[in-house]
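Trainee: Could you take me closely through one part of this model, the packing of one pair of helices, and then set that part beside the rest of the chain?

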Amino acid sequence: MNIFESFKIALTSLASNKMRSLLTMLGIIIGVGAVIALQSIGEGVVQNSLARLTANGTNLVTISPGSTSSGGVATSTTNANLTLEDAEAMDDPTRVTAALAIAPELRANGQLVYGSKNTVAQGIGTTSAYPQVRDLTIAEGDWFTDADVNQSTTVIVLGATVATNLFADDDPINKTVKLNRNNFTVVGVMTAKGGTGFGSVDNQIYIPITTVQKKLAGTRQQGLSGTGKTINSIVAKADKPEDVDLLISQMSDVLRERHKISGSQPDDFTVVNQADLLQTAKDQAATYTIFLLVIASISLFVGGIGIMNIMLVTVTERTREIGIRKAIGAKPADILIQFMIESISICLVGGLIGVVVGVISSLIVNATVPTLPTLLSPSVIVIAVGFAVAVGLFFGIYPARRASKLNPIDALRYD
């Protein structure tokens, strides 16, 4: 008996007991479907996060106020504030030589209204250097100028998604929108960068930082330097990736001097390197993948036990058939191969059904939950099906060996 004929007999056996076959394959179907669906969701979220991080390059440095690290544990500090003046002090090419551009960030979220349409966006107050720091490009209009910052003008630049939500096919340039009851003139629209969620670049708006301080941020505490109002962060771009460490050192020196931190006193600010964030995200993705594989393995293991059980029942039911085959010349290896192929066939069919279930589930999630983008990977599908076949091979060995070792005389006498 050749392998193809064995597969034909195995599939015929599955078709003759449809309900039992389906229940037997259920663990494999759930395991394969779960690993494909969960992996596609996890991969989509990870790739979306990585895209948002890499969009700014690996030579980006962010300084945030109010925390230090002690023994590897982040701890809060009081009265540790960054100000616009801190950012301006850093923007001195004689002191911070490794910076290509430096810009402050002051967040002020709000609801934008244009006519009968409205949307909620993440507002960022900053300066004219911000597009260079964040690698942003203008699709329509222009970015605001240094004069707009100095004069606190009420101009605004819209992210691609915000512009689409408010204006659809209309030209937004020079139109007036309301942001938290203040009128702003649209001077530019950003090029779409992709990504989903409230914090994505396309769902952001940009305003001169002085305008945000006066009209949107309200009263803010003074910084440690004694002047100015606080900001959320300072972002800088190194001239070259290899200059990132030098840039961090130079910026830290300026801040420590302005905040009167001396000697061995810890910093009252946190410096984050974009390359470190990327590595952390990749490490988290690897951990997440391992976690999913463990879950899927447990499900497939349970399914494999079910297959072993049903194959043992099948061997018992077909004892006389095994005896007849051996009596007419079938070798133990032929019986072994026949039952191994039947076990593998169950897992293969279950795995293919699981692939369909997993792909459909992934597509449904992608279509109905915008915040959970999915990314189907052909390699994951192949690995999942291959693992299912391996389960059939492993758990089919014992029943197949038991069948191959049956004594033909005892088998023929079995009732």
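Mentor: The crossing of α11 and α12 is right-handed, and, since the model is predicted, this handedness should be read as a property of the predicted coordinates. Two packed helices are described by the angle between their axes and the distance between the axes. For this pair, helix α11 covers residues 332-368 and helix α12 covers residues 378-404, and their axes come within 7 Å of each other while crossing at roughly 150°. Because an angle over 145 degrees counts as roughly antiparallel, α11 is roughly antiparallel to α12. Sorted by class, the residues in the contact of α11 with α12 are 20 nonpolar, 5 polar and 1 charged.

Another helix, α9, spans residues 274-317 and contains Tyr288, a residue that can be followed to a distant part of the sequence. Tyr288 has a relative accessible area of 33%, and because buried means under 20% and exposed means over 50%, Tyr288 is classed as partly exposed. Once its neighbours within four places in sequence are set aside, Tyr288 is in contact with Leu38 and Gly42. With Gly42 the separation is 246 residues in sequence, whereas the C-alpha to C-alpha distance is 7.5 Å.

Turning from helices to strands, β6 (residues 110-114) is joined to β7 (residues 117-126) by 5 bridges, and the two strands run antiparallel. Within this pairing, Val113 stands opposite Asn118 of β7. The two strands form a hairpin with 2 residues between them, and Gly115, which lies in the turn, has a positive phi of about 65°. Strand β6 is also joined by 2 bridges to β10 (residues 176-179), and these two strands likewise run antiparallel; here Leu112 has Leu179 in β10 as its bridge partner. Strand β6 is thus paired with β7 and with β10.

As for the setting of these parts, the secondary structure of the protein comes to 13 helices and 15 strands. Of the 415 residues in the protein, 44% are buried. If one takes the contacts between residues at least 6 apart in sequence, 77% of them join residues at least 24 apart.

Key:
Residues are numbered from 1 along each chain as its sequence is written. This is a predicted model: local features need pLDDT of at least 70, side-chain atom pairs count only at pLDDT 80 or more; totals for chains, interfaces and linings use all residues. Side-chain values use heavy atoms; hydrogens and water are left out. Two strands pair if DSSP finds at least two bridges between them. Helices (H or I, at least four residues) and strands (E, at least two) are DSSP runs, numbered from the N terminus. Axes are lines fitted to C-alpha atoms, for helices over the stretch in contact, and angles run from 0 to 180 degrees between N-to-C directions. Angles under 35 degrees count as roughly parallel, over 145 as roughly antiparallel, 65 to 115 as roughly perpendicular and the rest as oblique. A crossing is left-handed if the near helix is turned anticlockwise from the far one by less than a right angle, and right-handed if clockwise. Ala, Val, Leu, Ile, Met, Phe, Trp, Tyr, Cys and Pro count as nonpolar, Asp, Glu, Lys and Arg as charged, and the others, Gly among them, as polar. Buried means under 20% relative accessible area, exposed over 50%, partly exposed in between (1.4 Å probe, protein chains only). Contact means heavy atoms within 4.5 Å.
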